[in-house]
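These are my notebook entries on one protein. I set down what I looked up and what I found.

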Amino acid sequence: MLTVIAEKKNISDTKIIIDNKLDCGHIQNVYRLQINDKVRVIDGEFEYLTKILSVSKREVVLEIIKKMEDNYSLDVNIDMAIGILKNDKMNLVIQKLTEIGVNKIIPLKTKRVVVKINEKKEKWETVVREALKQCRGVKFPKVSEIKKICEIDYERYDKIIFAYENSENSKPIFELINKKDKNILCVIGPEGGITKEEVNFLKEKNAFEVSLGARILRAETASIVVAGIISNLNLK
């Protein structure tokens, strides 16, 4: 079933109006949906089962059949702070982290970030919205403004972890995170990793080094692996 995103202002008790031209075109010309066909709608908080009442190039009117709670979000808030990667790699990471269900993505300008930052936050948010349509998610992961590693509010987290390839003191993720950890921050460096100075700063913030195995993973792979492991831990 096709999933579309609706703005809160376009949702009433009985109807939803889709006025995004791309979505209207998708409904009409790609999926070729007609009156009475079903459409799944999300608004970042709830999901709705709807049927089409009318279709045009500018507007699709839907009747709400059923409004449902979000049953797809994780029971733990995972924030991923990631050293900015080259455009395609950064877009891939944001897409996959959205599919996994992270709470927030924090693009980091670390010392070894070498790419020119020519992507805008709006572009990354578009990647989030498109990924959310595909994965049956309901809640939008937040994409923060670009930050330096010293600008993160570390006090709000129950557990902070980071991947560091030059460590002999790291531990597996499942040994570090427990049921009390409901707000978790994961820090992943860019292609060149994080520096020793950045590691020392994170340790001062009570962050723990994590092991991802004997192999050296690319930054985009490490981000996806870390988020995937945490999302599948039994933290209920």
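In which helix is the place of Trp 124? I found Trp 124 in helix α3.

**Entry 1. Ground rules**

I note that this is a predicted model, in which local features need pLDDT of at least 70 and side-chain atom pairs count only at pLDDT 80 or more, while totals for chains, interfaces and linings use all residues. Residues are numbered from 1 along each chain as its sequence is written, and side-chain values use heavy atoms, with hydrogens and water left out.

**Entry 2. Trp 124**

I looked up how covered this residue is. Trp 124 has a relative accessible area of 2%, and it is therefore buried (buried means under 20% relative accessible area, exposed over 50%, and partly exposed in between, with a 1.4 Å probe and protein chains only). I then looked up a distance to Met 90, which is 34 residues from Trp 124 along the chain. The C-alpha atoms of Trp 124 and Met 90 are separated by 8.5 Å.

**Entry 3. The whole protein**

I recorded six helices and 12 strands for the protein. Helices (H or I, at least four residues) and strands (E, at least two) are DSSP runs, numbered from the N terminus. Taken along the principal axes, the box filled by the C-alpha atoms is roughly 60 × 40 × 30 Å. The protein has 236 residues, of which 44% count as buried.

I also looked up how the chain meets itself, where contact means heavy atoms within 4.5 Å. Among contacts between residues at least 6 apart in sequence, 73% join residues at least 24 apart.

The exposed area of the protein is about 13,100 Å², and 45% of it is supplied by carbon and sulfur atoms. Such areas come from the Shrake-Rupley method with a 1.4 Å probe, and for residues only the protein chains shown count as cover.

For charges, I found 42 positive and 35 negative ones, with mean positions 2 Å apart. Lys and Arg count as positive and Asp and Glu as negative, while His and the chain ends are not counted. The place of a charge is taken as NZ of Lys, CZ of Arg, CG of Asp or CD of Glu.

**Entry 4. The nonpolar cores**

Which residues of the largest nonpolar core touch the most other members? Of its 29 residues, I noted Met 80, Leu 97, Ile 161, Cys 186, Val 226 and Ile 230 in this role. A nonpolar core is a set of buried Ala, Val, Leu, Ile, Met, Phe, Trp, Tyr and Cys residues joined through side-chain atoms within 4.5 Å. At least two residues of this core come from each of β6 (77–83), α2 (87–100), α3 (121–135), β9 (159–163), α4 (173–176), β11 (183–188) and α6 (219–231). Helix α6 gives the most, with five residues.

I also found a second, separate core of 17 residues, with Ile 16, Cys 24, Val 39 and Val 41 among them.

I then returned to Met 80. Leaving aside neighbours within four places in sequence, the contacts of Met 80 include Leu 97, Cys 186 and Val 226.

**Entry 5. Helix α5**

Which residues of α5 are buried? I found Glu 198, Val 199 and Leu 202 to be so. Seen down the axis of α5, its buried residues fall within an arc of 105 degrees, so they line one face of the helix. The arc is that of the directions from the helix axis to the C-beta atoms. The buried residues of α5 pack against β9 and β11, whereas Glu 197 and Glu 204 are exposed on the other side.

**Entry 6. Two positive phi angles**

Just after α5, Asn 206 takes a positive phi of about 65 degrees. Asn 206 lies in the loop between α5 (196–204) and β12 (208–211), and its relative accessibility of 58% makes it exposed.

Arg 32 is not a glycine either, yet it has a positive phi of about 50 degrees. I placed Arg 32 in the loop between α1 (21–30) and β3 (38–42). Is Arg 32 buried or exposed? With a relative accessible area of 61%, Arg 32 is exposed.

**Entry 7. Val 210 and Ser 231**

Val 210 belongs to strand β12 and counts as buried at 4% relative accessibility. Val 210 and Ile 173 are 37 residues apart in sequence, and their C-alpha atoms are 5.8 Å apart in space. Ile 173 is also one of the residues in contact with Val 210.

Ser 231 is in helix α6 and counts as buried at 19% relative accessibility. Not counting residues up to four places away in sequence, Ser 231 touches Leu 74, Ile 78 and Ile 100.
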